[in-house]
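Good morning, and thank you for making time for this presentation. I would ask you to keep the sequence and the structure in view while I speak.

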Amino acid sequence: MAMRSIVARWSWALLGVLLVLGLVIGSGVRLGGRPPTTAQRISQLDHLIGCPSCADLSVAESNASTAVAIRQFVAKEVRAGKSDTAIEKAVESSYGAGVILRPPATGLGFLVWVLPGALVAAAAVVLVGVFGRRRRRGRSGGPVVSDEDRELVEAVLRR
Amino acid sequence: MTRIRWIATGVGVVVVALIVVFAVSPPATTVADRTPLIDKPAPALAGPSLTGGGRVSLARMRGSFVLVNFFAHWCVPCQQEEPQLEAFWRQHRRSGGVAVLGVVLEDQPGPAAKWVEEHGGRYPVLADPEGDYAFRYGVRSPPTSFLISPKGRILSEIDGPVTVSGLDRLLAVARARGY
Amino acid sequence: MNEALGRSAVLLGFLAALAGMGVVGVGLARHKASILRQGGLYAGLILLGALVATGAMEHALITHDFSLAYVAANNSRETPLLFSITGMWSALQGSILLWALILAGYAAAMGWKFRRRAGDPLVGWATFTVYAVAAFFFGLMVGPANPFAPVKGPVPVDGPGPNPLLQNNPLVVIHPPMLYLGFVGFTVPFAFAVGALVTGRLGEGWLVETRRWTLFAWGFLSAGIVLGAWWSYQVLGWGGFWAWDPVENAAFLPWLTATAYLHSVVAQERRGLLRVWNLSLVMATFCLTILATFLTRSGVLQSVHAFSNSNLGPVLIGFLGVAVAASVGLIGWRGDRLRAPARVDSALSREGGFLVNNLLFAAFAFVVLLGTVFPLFVQALDNRSLTVGRPYFDTMTTPIGLALLFFMAIGPVLSWKRSSPAVLGSRLVLPAWAGVLTVLGCALAGIRGLAPLLAFGLGAFAATTALRQLAHSVRAQATSGRGLWRALTGRTNGGMVVHLGVVVIGVALAASLSFGHRTQVQLSRGRPTRVLGHTLTYQGTHTKVTPARSELVADVAVSGRGVLRPGISQFGTDAQGIGSPSVSPGWRSDVYLTFDGPAQHKGGPVLIGVIVQPLVSWLWIGAAIVVLGTALAAAPRRLQAPPGRRREERARDASPDLAPGLPVPGRRGAPAGVSAMAEAPRTAEGGA
């Protein structure tokens, strides 16, 4: 029994190591903090800017003439060494703030980013609180049931 | 009050707020995304005119109202508005004080040249082969027109085809406001 | 003729719904079972009205009766028969008629199913609720959305036909009806929830009654949503299938809450937990279907579904208000009686797993709802425009989706009340190895990106759990001499099949969204060009003319895929060309071509859009597995019952038909279906 549990523990540890290994290889982390390439930046910006003349799509996904013009502008500016923020600002100054598909993290837009997380956190706190109270109550009250007891009962129930 | 009632009340309040917002929201189609360019200096437009008459530039048109009209050869409403634009231009060419400048979104060179050939000899038209002008002016889909003040500021944006009467009204308002 | 017949039929349905409400209302007020029983008959009249009205509408569409305004606006003499028939749901008024027809069908089915218990007040209140909803929708057709309104002025000789986008692909035949079967189906559980709250019989009875109804509606809604995505992929020409469009989100919201409900309801049946929560989910699901209708029909949000805009907004928002007020009010009123008799003992238990599952689904729904309506709030409060698009939804929902996959792997192996970590470990070790090896294998194979890798790994983790559970079930049924049918049916087994389908969809989503490529190329005739790993040869264009449309088609040979034929179609007098993409589906990847620019001169080069996305086909396969699993979950398990089955067992199978509201043996002695499936893995473990 003890042997088995040791084997199990080691096998889980091995699993963990392999998982981390796989994720590190696969995430393609830029170890030297290499900045994204020009092509990556252009693609990111293209996915961020909405096509002004088509519903829901980014300029990366559309071949409407406005989208093509914006893509050309973005490529030109990135190659000219402009920052992402500057390029976003330039597109906004022509088409308005609504052209950026990602809501801003400032002003009212802040709420749309924070509310879901806050709500989940609050719900999680409530749930944890409920479990914590139960467990404490369980300890002071009724009989203490150990894992072994449970195993025994389950084994009996299985027959 | 029990906890459930508190929660129910809270949910109710949120939903009521939601419904009120829905009820007062105008249809999305009427909330045209307002261009951020209003009251800003009009981006530069300059180049050889496709309809003859040499090089034109918006900067040199200072001192008179300018109607900048973005259009494309493939766009059906542009063809519909064209006689109206023509009439508006003729009407003001005599009295002065108002100029018209066309910009053709030249996504394919052939048809645009053919179009200009057919319609030559009228108000100046610039080509926009890279879509750069359209981008600077935030044009979503042709036809889109801008009224520019004598001092070179953008006064209003007109999405869709223009009419002579509509343009005259706009002009009257602009003049009344002292632009 | 069509007009008179249709109008009378709509009026019949409307009056029957009102009369039904009246009769049932009187029966409820006077506590008279005999009156209540009569009330059940009105469902038949409502259905008759809906059927005749639908018949009149279809007849008018097929015979091109342009004296009806609806037909004149949505049909033309050239419209093919198929799209004449589907014309009924290509605009507002006809869609409301379809909604009313399906609702009438559900009402009649409900009346038939519960005919022996029509005298029960709980059933009476449920019937009353369904009639009220029916009265609303028939009322819409009597008043503001009359599908049989005569055309104004002289009868036109021809009409413009349906919206071009709606006559480009046969998927429009089934997508809207499926979606509506889902949407409208949630009226039934909602009605029973109202009945349970009003009568105060808040035991597990109403749940057990509506279990299959909910499953049925959920299956159709799932199918409807995926068919919509498929249609979008096949028709819209941008190579995508989901754009986080407000109307898409609106259909997704009730799916999310309904999915949460399908899970948490098990915790209530088995242990009486989460009663308020379950009622809230059922009611929220119904309210969200109305919200979806409102968002689709009011046009307050910009959407690609703009063809369905109307002036019904205020009426629908009013109805939504009433539904929400009724739901919140009833739950607030009965809140005290809803205390659960049992408690969640440990987080590491099946019920704890359901709690986490529901938290995640609720968060998912909240993100989607918030993102969808947030621009309206900002507009109203700040008069600024802002867009909440794909970057937001992707950022927020990816972690939730991955967490759902993770708990999908763990949930099914958790025991009720409490699981010991050691047992849990032994049950999870195989799935965990599958997951980790998948991550490692994919990483070594050169796949880069944290989110897709996690999706693949967690997908393998969850799929192995589901397969393990199914294998145990098959073995357990085999040792007890029962057939394969019993091993695969029932809610847990069917649910595991659904899980497999969801994993397939999740993996396909991750792959196609992360590793798709798109570009645009100019192709000269006869000159092979290498694009995104395929050799494309443009062979020329030809024109295809049918009475309804003329299409300019480019023939492009794709290496290994045959000739693809993207086109640009012109419908009738509509000047705007509609691109029709050409898709070559494949097991590994789809090749998707669009005709972006025709030749400028005869024999000149054409502009072709090329999109190559991996595993897209598996989205549709996964959806088919989901539907199959839903059918297995809802299937009766008695088909191949061995002759020697004990009588009590048969009686337990029949328990859902016991009187409602009584403390059905839902908690301790679970209905046979539930217990058999939940216990199966444990018994199998004993043998191992």
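I begin with a definition: a residue counts as buried under 20% relative accessible area, as exposed over 50%, and as partly exposed in between. C:Arg565 has a relative accessibility of 45%, so it is classed as partly exposed. Please bear in mind throughout that this is a predicted model.

Let me stay with C:Arg565 for a moment. Its side chain meets that of C:Asp555 in a salt bridge, with an N to O distance of 2.9 Å. This pair links distant parts of the chain: C:Arg565 sits in the loop between strand 5 (562–564) and strand 6 (567–571) of chain C, whereas C:Asp555 belongs to strand 4 (residues 549–558), and the two are 10 residues apart. Unlike its partner, C:Asp555 has a relative accessible area of 12%, and it is therefore buried.

A further salt bridge in chain C involves C:Lys544 and C:Glu551, whose closest N and O atoms are 3.7 Å apart. Which of the classes does C:Lys544 fall into? With 46% relative accessibility, C:Lys544 is partly exposed. C:Glu551, at a relative accessible area of 6%, is buried.

I turn now to the helices of chain C. Helix 6 covers residues 92–113, and its 22 residues at 1.5 Å a residue should span 32 Å; the end C-alpha atoms lie 31 Å apart, so the two values agree. Helix 6 of chain C is also mostly covered, as 16 of its 22 residues are buried.

Helix 15 of chain C, residues 390–410, can be checked in the same manner. Its 21 residues should span 30 Å at 1.5 Å a residue, and its end C-alpha atoms are 30 Å apart, which agrees. Where does helix 15 of chain C bend? The bend, of about 30°, is at C:Thr397, and a proline, C:Pro399, follows within four residues.

Let us next consider chain A by itself. It holds six helices and zero strands, and from the N terminus its elements accordingly read α-α-α-α-α-α. Of the 159 residues in chain A, 30% are buried. Chain A exposes about 9600 Å², with carbon and sulfur atoms supplying 66% of that area. Among its contacts with a separation of 6 or more, 44% are between residues 24 or more positions apart.

Chain B has five helices and seven strands. Along the sequence, these follow the pattern α-β-β-β-α-β-α-β-α-β-β-α. Here 49% of the 179 residues are buried. The exposed area of chain B is about 9000 Å², and 59% of it comes from carbon and sulfur atoms. Of the contacts in chain B between residues at least 6 apart in sequence, 69% join residues at least 24 apart.

I come now to the interfaces, starting with chains A and B. The contact involves 15 residues from chain A and 15 residues from chain B. About 1200 Å² is buried between them, and carbon and sulfur atoms give 54% of this area. On the side of chain A, the residues A:Phe73, A:Ser94 and A:Tyr95 supply 41% of the area buried against chain B, more than any other three residues. How many salt bridges are counted between chain A and chain B? The count is one, and it pairs B:Asp132 with A:Lys76, with the closest N and O atoms 3.7 Å apart.

Between chain A and chain C, 50 residues of chain A are in contact with 58 residues of chain C. The buried area there is about 4700 Å², with 71% from carbon and sulfur atoms. This interface also has a count of one salt bridge. The partners are C:Arg390 and A:Glu61, and their closest N and O atoms are 3.6 Å apart.

Over all chains, the count comes to 13 salt bridges. The pair just named crosses between chains, from C:Arg390 in helix 15 of chain C to A:Glu61 in the loop between helix 2 (38–48) and helix 3 (65–79) of chain A. Are these two residues buried or exposed? Both C:Arg390 and A:Glu61 are buried.

To conclude, I return to the two pairs within chain C. In one of them, C:Asp555 is buried at 12% relative accessible area. Elsewhere, salt bridges that share partners join A:Glu61, C:Arg390 and C:Asp394 into one network. Thank you for your attention.

Definitions and conventions: Residues numbered from 1 in each chain as written. Chains lettered and ligands numbered in written order. Predicted model: local features only at pLDDT ≥ 70, side-chain atom pairs only at ≥ 80, totals over all residues. Heavy atoms only, no water. Expected span 1.5 Å × (residues − 1). Bend = angle between axes of the 7 residues up to and from the residue. Buried < 20%, exposed > 50% of the residue type's maximum accessible area, 1.4 Å probe, protein only. Contact = heavy atoms within 4.5 Å. Areas by Shrake-Rupley, 256 points an atom, 1.4 Å probe, with all protein chains shown as cover. Buried area = accessible area lost by both parts, 1.4 Å probe. Salt bridge = Lys/Arg side-chain N within 4 Å of Asp/Glu carboxyl O.
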